[in-house]
Amino acid sequence: MDKIEHIGIAVKDLQTSNLLFEKLLGVPSYKTEEVASEGVRTSFFKTGPNKIELLQATTENSAIAKFIAKKGEGIHHIAFAVADLPTELNRLKDQGFVVLPGFPKNGADNKRVAFLHPKGTNGVLVELCQEISNT
């Protein structure tokens, strides 16, 4: 794993949370995007090398809606950048980690993503992401 790519935070209201994080970080969101397949709308902030992703549910049955209903707003996941997502997933599967959904898929911010089940990572949802090549 190359670095922490971002920290994902589940929020109830993206507009309100954007204002809060703009004040907190002193910078505006650089990107807002909807990931319809996941039932979320996201907003990204960057300060120095650090990125924060805010996630608001757009459907009642999305993972973010379920997370907020169970735990409230807060840190949802930590994402690590990897150079070769399929190879890294195979390595982790061989180590006994459970990959969700079992294969890479398109995510926000021009990334291919997969997650590790939190039951195998001390309760932390871990996302692995690889930049999608534009070539």
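Start with the largest pocket of this predicted model, which has a volume of about 770 Å³. To find its middle, select Ala63, Ile64, His76, Phe115 and Leu125: of the 35 residues that line the pocket, these are the closest to its centre. Next, colour the elements around it. Strand 1, strand 3, strand 4, helix 2 (63-71), strand 5 (74-81), strand 6, strand 7 and strand 8 each supply at least two residues of the lining. Which element gives the most? Helix 2 does, with six residues.

**Stop 2: the way into helix 2**

Select Ser62, in the loop between strand 4 and helix 2. Is Ser62 buried or exposed? Its relative accessibility is 4%, and under 20% counts as buried, so Ser62 is buried. Now show its side chain: one of its polar atoms lies 3.1 Å from the backbone nitrogen of Ala65. Leaving aside neighbours within four places in sequence, Ser62 is in contact with Glu38, Gly39 and Ala57.

**Stop 3: helix 1**

Move to residues 14-25, which form helix 1. Just ahead of Gln15, look for Asp13, which caps the N-terminal end of helix 1. A side-chain oxygen of Asp13 lies 3.2 Å from the backbone nitrogen of Gln15.

Try a distance between the two end C-alpha atoms of helix 1: they are 16 Å apart. That agrees with expectation, because 12 residues at 1.5 Å a residue should span 16 Å.

Now turn the view to look down the axis. The buried residues of helix 1 are Leu14, Ser17, Asn18 and Phe21. They fall within an arc of 105 degrees, so they line one face of the helix. A general rule helps here: an α-helix has 3.6 residues a turn, so residues three or four places apart point the same way. On the face turned away from the buried side of helix 1, select the exposed residues Gln15, Thr16, Leu19, Leu20 and Lys23.

What covers the buried residues of helix 1? The cover includes strand 1 (3-11), strand 2 (31-35), strand 3 (40-47) and strand 4 (50-57). Before leaving, pick Gly26, which follows helix 1 and has a positive phi, near 75 degrees.

**Stop 4: a serine in strand 3**

Select Ser43, found in strand 3. Ser43 is buried, with a relative accessible area of 0%. Its side chain makes a polar contact with the side chain of Ser29, at 2.7 Å. Not counting residues up to four places away in sequence, Ser43 touches Leu14, Asn18, Ser29, Lys31, Thr32, Ile52, Glu53 and Leu54. Two of these names should be familiar: Leu14 and Asn18 are among the buried residues of helix 1.

**Stop 5: helix 3**

Finish with residues 85-94, which make up helix 3. Which residues of helix 3 are buried? They are Leu85, Glu88, Leu89 and Leu92. These residues cover an arc of only 100 degrees around the axis, which puts them on the same side of helix 3. Among the elements that cover them are strand 6 (99-106), strand 7 (111-116) and strand 8 (126-131).

Also in helix 3 is Asn90, which is partly exposed, with a relative accessible area of 45%. For a view across the model, select Asn90 together with Pro28: their C-alpha atoms are separated by 37 Å, and the two residues are 62 residues apart along the chain. As a last click, choose Gly96, which follows helix 3 and has a positive phi, near 100 degrees.

Note on methods. Residues numbered from 1 in each chain as written. Predicted model: local features only at pLDDT ≥ 70, side-chain atom pairs only at ≥ 80, totals over all residues. Heavy atoms only, no water. Buried < 20%, exposed > 50% of the residue type's maximum accessible area, 1.4 Å probe, protein only. Helix = DSSP H or I, 4+ residues; strand = E, 2+ residues; numbered from the N terminus. Arc of directions from axis to C-beta. Contact = heavy atoms within 4.5 Å. Expected span 1.5 Å × (residues − 1). Polar contact = N/O pair within 3.5 Å; in protein donor to acceptor, adjacent residues only side chain to side chain. 1 Å grid on protein atoms, 1.4 Å probe; cavity = no way out; pocket = protein on both sides within 12 Å on 5 of 7 lines; lining within 4 Å. Points joined across faces, edges and corners; volume = space filled by probe spheres on them.
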